[in-house]
Amino acid sequence: MDFAARTLATLDWDAVRAALVDATRTPMGAERARALRPLPTWSAGQEAYALVAELVAARLRGEAVPVDAVGDFRAELGRAARGVVLEAWALIAVGRGLHGLGLLHDWLAERESPRLVGLARVIEGNRGAERVLRDAFEGDGTLSDRAFPKLAALRERVHQLKMHVHDTLAALLGEDGWGDMLMERYVTERNGRLVVPVKVGFRRGLGIVHGTSASGETAYVEPGATVELQNDLREAEDALEQETLRILAELSDMVGRIAVATTAALEAAGGLDLAAARTELGFRWNGSIPEVRQAGVVQLRKARHPLLALRGVEVVGNDLHLDGERRCLVLTGPNAGGKTVALKTIGLCALCVRAAIPIPAGEGSRLDWFEPILADIGDLQSVAGDLSTFSGHLAALREALAVAQPGALLLVDEVAVGTDPAQGAALAAAVVEELVARDARVVITTHYPELKAVADPRIAVAGMEFAEGRPTYRLVAGSPSGSQGLVIAQRMGLPPAVIERAHTLLDAGAARLARLAEQLDAERDAVARTARQLQAERDGLSAREHELAEREAKLDRQLAGERGRLLDSTRARLKQMEEELRTLVKEVHQAPTLRGVNDALATLRGARGELDDGDAAPVRPYAPQVGERVWVATVGQHGQVLTTSGDSAEVQVRAMKLRVPLAKLAPARDRPGEAAAPRAERAPELPPASDGAGVRLPHNTCDLRGKRLAEAEDEVTTFVGLLKGQGERYGYLLHGHGTGALKSGLRTFLRRAPGVRTFRPGDASEGGDAFTVIEV
């Protein structure tokens, strides 16, 4: 049995080749892809991968290889090399092909990659021959009169003779003497000569008869007046044909002289097309070029089965590892849980490396050069070959033992099955030990408990995850998985009584092992659920941090806008006051009053003060030290500085890590362990004028109308931090009247809100009870 061929078949190598053929763009490349087999040596593989890497880099730069401009005209080259005169269409095809080779040569010569530039020295069209062939033919495929003057003269002579013959015949048909003799008045052709249809009774004496009609009533006569003219025409046509043949032979001879070099260029273009197809296939399954050495290492990251990845199926990527210390990987888990897919993934990726095709695995993967690669997957049972299932597997194991050596990769699905389980497990363990002892790399799948519990450091065990009653297809290293046969049987609908009876029939050791495996899977399932919950919470915290940062940025933009508008308003007011002052000065001169002057000066000074406040230089932000406890104005909480960078710092606030501008940080307001000073609640009936709250403006007002209480509380917390960051003492909460629920809930919240010293309802000049005034 040819195990090398069977390995390619069981690993679906033909499907990879078919995908590679589909990615080619020339007949030469497609031929090479259809015949592709693993490369013979590591150095050949490295050279092929290096060319693919250059093409990947070119593609990432948006540079497409113009290989599809090259047609396949190897057959025409071969005929010309043997001395055959090519037809016009064949010579035109050669000319177009030479043009395509020239385009490809120019593209390669302009690259900076050494292998692509090196190919330009082989892939080169013959510019002289291309130009000759281009000029030799017109757009309709005929030989050019401009390129061949003698041919043009012969064509003109043939044309003139034909016109002369037609004119002579037309004149004869118009004569009265011919009228009664003609069957009809038209000219036709017989035996390459122009004739007229004559009634058979008048055929004699008119010229040369070239035949009669089927009825025998019409004779086709070449009139005597045109015989010599048509003889001259025939001679001219023969000369034209000879000249045409001479030109085609001359052009064919030129093509024959360049056939060897041009054929080599076409073959090299086919090799480049195959390399481009390798690149394209890598992009189609989102692959990468792995590191390839000769030390028997498999370090695949997020590896996916190539054909599943090619179909666009969402595949769970798995990490797979083998090296000199861990020479064997035992894959365990339930049926249909992904063991065989993982086994084939390693095998097919190893074949892709042997063919210099990028593999569907993450960047940084390593897959060394393995020779030989042998896979025993599926049933070898054959009546004709006198093989049972077990004897077929034994034949594969015998072959594996025969080729086991450093550098060999041996893949066995369900090792030593088909016989007594105890003897099969013992045989499997013995075979695996021997293969490992010979320093081969081995991957097996099994349900045997004895192999799952092996205590050999060279043998690693991994399990396909089984969570919430179904497989997840995720490989868990270092942890065997139970076969879950009875669980799957129950899920597939077998009667409960049968399942229960199966449990009772398990021997004590097997039952205990099965229970332990189920418990282990259940615990692993619980750990996985917890991990997912923690990840979800972490994602939620990150989203909340992002939301807060966006909200803070929005408030900063709003604040900047409000400051700008206030500044513009103040400038306008100043201008107005200056105009009023000029008017008042005039009035003073006319009827001076000291009070009027003082009032005007006071108004002007107030406006200038507002303008100065708007143009004031920003306060230098607080610069905390790493580890220092600070007050975070954006959330109204204390936190600890973790890192600082530029104009921001990372601060730990309870369970959250926040990136906060330094302008929003201040020294801690109380020492760790020391309670904050109690906040006094301002009685609602407190006279509003007694606190000097100032003027309500857009930048110190928070509009909470239409919000739920929880949303409003978050808004108030952020608003308080914003007020502190701006150095504002008072703020206004606009909640409206409504049902009173929002107002009541907010004032209850303000009693415990961080950063709020006092609060009270707004007075009539502040909007009344629709507002709550807070002091921070």
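Tutor: Two residues are in contact here when heavy atoms of theirs lie within 4.5 Å, and the model to which we apply this is a predicted one.

Student: Which residues of H11 do Val16, Ala19, Leu20, Asp22 and Ala23 in H2 meet?

Tutor: Helix H2 covers residues 13–23 and helix H11 covers residues 259–284. With the contact cut-off in mind, the residues of H11 that meet those five in H2 are Leu274, Ala277, Arg278, Glu280, Leu281 and Arg284.

Student: Are H2 and H11 roughly parallel or roughly perpendicular?

Tutor: The axes of H2 and H11 come within 8 Å, and they cross at roughly 110°. Because angles of 65 to 115 degrees count as roughly perpendicular, the description that applies to H2 and H11 is roughly perpendicular.

Student: Is the crossing of H2 and H11 left-handed or right-handed?

Tutor: The angle of roughly 110° was given for the two axes, and the handedness is a further description of how these helices cross. For H2 and H11 the crossing is right-handed.

Student: What covers the buried residues of H3?

Tutor: Helix H3 spans residues 27–34, and Met28, Gly29, Ala30 and Ala33 in this helix are buried. The elements that cover these buried residues include H2, helix H5 (74–81) and H11.

Student: Turning to the strands, why is S11 described as largely enclosed by the rest of the structure?

Tutor: A residue counts as buried when its relative accessible area is under 20%. On one side of S11, Arg441, Val443 and Thr445 are buried, and on the other side Val442 and Ile444 are buried, so that both faces are covered. Strand S11, residues 441–445, is therefore largely enclosed because the number of its five residues that are buried is five.

Student: Which residue in S11 is the bridge partner of Leu409?

Tutor: Strand S10, residues 409–412, runs parallel to S11, and four bridges join the two strands. Within that pairing, the partner of Leu409 in S11 is Arg441.

Student: Which residue in S11 does Val330 stand opposite?

Tutor: Strand S7, residues 328–332, also pairs with S11 in the parallel sense, over four bridges. Opposite Val330 in S11 stands Ile444.

Student: Looking at the whole protein, what percentage of its residues count as buried?

Tutor: The protein contains 22 helices and 22 strands, and it exposes about 39,900 Å², of which carbon and sulfur atoms supply 53%. Of its 776 residues, the share that counts as buried is 44%.

Technical notes: Residues numbered from 1 in each chain as written. Predicted model: local features only at pLDDT ≥ 70, side-chain atom pairs only at ≥ 80, totals over all residues. Heavy atoms only, no water. Buried < 20%, exposed > 50% of the residue type's maximum accessible area, 1.4 Å probe, protein only. Areas by Shrake-Rupley, 256 points an atom, 1.4 Å probe, with all protein chains shown as cover. Pairing = 2+ DSSP bridges. Axes fitted to C-alpha atoms, helices over the stretch in contact; angles between N-to-C directions. Parallel < 35°, antiparallel > 145°, perpendicular 65-115°, else oblique. Left-handed = near helix turned anticlockwise from the far one by under 90°.
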